[in-house]
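Me: Please take a close look at the inside of this protein. I would like the enclosed space and the packing around it described in one go.

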Amino acid sequence: MIFVETRLAGAYTVDIDRREDNRGHFARVFCGDEFSAYGLNFSVAQASLSFNAKRGTLRGLHFQYPPAAETKYVRCVKGAVFDVIVDLRPESSTYLEHLSVHLSAENGRGLYIPKRFAHGFVTLEEDTELSYLIGASHAPNAEGGLRYDDPMLGVEWPLAVHVISERDTAWKPIVEIEHQLKSRMSLNEAA
């Protein structure tokens with residue numbers, strides 16, 4: 001696996017190292033020892049699969065508040081997505097900055113998302129699936145989210161959103177929740 005730290009400290013793209021022969025290819029997509037070598041002490045508490053039938057389906061931007069904050073490792077196993085993460089660590093120099101990554105079954109790229117980051121994506125193809133390895137069990141009472149079109153984030157989505165849940169359109173703008181967001185995502189709360 002090929003780890004490249006992004007400009008959002010602690011977030012990594014993880015490319016696969018394909019071993020090809022006449023049968024096709026084989027590649028490791030997760031290895032605890034390799035993650036640990038980069039200081040990413042990630043144990044999997046939950047694995048999930050997200051299937052999205054339509055191109056232009058948007059999910060996110062989701063996160064969990066501490067102490068139930070989740071580390072995630074996502075990869076697209078069928079189709080393609082425009083994946084976005086947002087740094088929600090108030091002490092970070094990149095607080096509220098976002099990063100977008102193209103994940104597809106073809107490129108095999110994964111994205112390691114640290115705790116206290118929001119995550120979301122829009123599908124670029126029909127019948128797209130994402131695989132998630134998650135470092136904490138889901139805690140419904142700790143759920144949070146940001147509007148995908150929040151002007152404070154300025155995410156330039158590559159296509160119009162055609163399918164989105166009511167929940168994802170109901171998240172409040174950051175300007176209305178920032179005090180709570182900073183307070184609940186602070187290092188004091190995350191410890």
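Reply: Here is the interior, starting with the cavity and moving on to the cores.

This is a predicted model, where local features need pLDDT of at least 70, side-chain atom pairs count only at pLDDT 80 or more, and totals for chains, interfaces and linings use all residues. Residues are numbered from 1 along each chain as its sequence is written, and side-chain values use heavy atoms, leaving out hydrogens and water.

A search of the whole structure finds 1 cavity of 30 Å³ or more. A cavity is a set of points on a 1 Å grid over the protein atoms alone where a 1.4 Å probe fits but cannot get out; lining residues have an atom within 4 Å of a point. Its volume, the space filled by probe spheres set on points joined across faces, edges and corners, is about 50 Å³.

The lining consists of H62, F63, Q64, E70, K72, I113, R116, F117, A118 and H119. Strands β6 (58-64) and β11 (117-123) each supply at least two of these residues; strands are DSSP runs of E, at least two residues, and helices are runs of H or I, at least four.

Now the packing. The largest nonpolar core has 22 residues. Such a core joins buried Ala, Val, Leu, Ile, Met, Phe, Trp, Tyr and Cys residues through side-chain atoms within 4.5 Å, buried being under 20% relative accessible area with a 1.4 Å probe, protein chains only. L61, F63, V86, L88, L146, W157 and L181 have the most contacts inside it. The elements giving two or more residues are β6, β8 (80-87), β11 and α3 (174-185). Helix α3 gives the largest share, 4 residues. Apart from this core lies another, of 16 residues, among them L8, I85, L99 and L103.

Note on methods:
1 Å grid on protein atoms, 1.4 Å probe; cavity = no way out; pocket = protein on both sides within 12 Å on 5 of 7 lines; lining within 4 Å. Buried < 20%, exposed > 50% of the residue type's maximum accessible area, 1.4 Å probe, protein only.
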